[in-house]
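Biologist: I am new to this one. Could you show it to me and explain the terms as we go?

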Amino acid sequence: TKPAPVIAVDGPAAAGKGTLAKRLAAALGLPHLDTGLLYRAVGRLMIDAGLDPASTSGESIARTLSPDDLKRQDLRTPDVDAAASLVARDKAVRQALVDMQRLFAREQGAVLDGRDIGTVIFPDADVKLFITATPYTRAQRRYTQNGGSESAPDREERIRAVEQALIERDHADSTRASAPLRMADDATKIETDTLSADEVLSESLRIVRAVMSSKTESSCAAN
Ligand code: CDP
Ligand code: CDP
């Protein structure tokens, strides 16, 4: 039987990881998991329960997370952005979510996007992509994605506010002790400032195919 391929897509906030991972999965016929939703859902449920993720562990909530929790429509608000990043510092929460991420890819393989997929969850992933762009580019993308108007008189000011929040979250995510955001040594970095989502997809497919065909060749040579 053909082994199930695992593709890791990591990078900072609003770089286009989710957009790429979803399209890559569709192109390759693989399941897709946006792992940020796991931390977001725990953050959301803590807020709903009146629990402060800065001072309380979300471990029990993480252990009982259901697929429906990930389908909620209110997981991308600024309060959940901040709560998710606090939740994600908690080692017990991360540990509670490891198995479900690994199980997700077990049968058919998967494309997973997040912060620690190539470093911690799947250190042996077949392909590792690190998607990035400057904070200002990422802030523009998140502003537009959240329905911000291109002609608003305070557009620039609002983008700067989004940029500040992204920089703070990236800093927290990169400096935490447990599974910090970091590019795996064997990942391929794609700087996307001047690339459209279509261009990032075709570049990624090129990388995936190149890696996969070199793996097939070396396993054929070994046999
Ligand atoms: O979409 P965006 O990049 O803004 O965020 P996300 O991918 O949904 O992740 C939300 C938060 O969850 C991040 O700021 C991280 O703190 C955390 N996260 C993580 O620690 N590890 C992952 N694999 C995915 C997300
Ligand atoms: O998952 P992550 O937070 O990294 O980013 P996302 O939720 O996929 O959001 C990226 C936004 O930027 C989406 O609205 C995309 O349409 C847009 N975009 C992109 O993903 N890639 C580009 N190269 C350019 C724009």
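Modeller: Gladly! Two strands pair if DSSP finds at least two bridges between them, and strands themselves are DSSP runs (E, at least two residues), numbered from the N terminus. This is a predicted model, where local features need pLDDT of at least 70, side-chain atom pairs count only at pLDDT 80 or more, and totals for chains, interfaces and linings use all residues. Residues are numbered from 1 along each chain as its sequence is written, chains are lettered from A and ligands numbered from 1 in written order, and side-chain values use heavy atoms, leaving out hydrogens and water.

Biologist: How do you know that β1 and β4 pair?

Modeller: Strand β1 (residues 6–10) and strand β4 (residues 127–132) share four bridges, in the parallel sense. Pairing asks for at least two bridges, so they qualify. Within this pair, V9 stands opposite L129 in β4.

Biologist: What makes β2 and β5 edge strands?

Modeller: The open sheet runs β2-β3-β1-β4-β5, with parallel pairing. Both β2 (32–34) and β5 (188–191) pair on one side only.

Biologist: Why is the approach of L195 to ligand 2 called a polar contact?

Modeller: A polar contact is a pair of N or O atoms within 3.5 Å. A backbone N or O atom of L195 lies 2.8 Å from a nitrogen atom of ligand 2, so the pair counts.

Biologist: What makes A14 and A15 qualify too?

Modeller: A backbone N or O atom of A14 lies 3.0 Å from an oxygen atom of ligand 2, and A15 likewise has a backbone N or O atom 3.0 Å from an oxygen atom of ligand 2. Both are therefore within the limit.

Technical notes:
A polar contact is a pair of N or O atoms within 3.5 Å; within protein, one must be able to donate a hydrogen and the other to accept it, and residues adjacent in sequence count only if both atoms are side-chain atoms.
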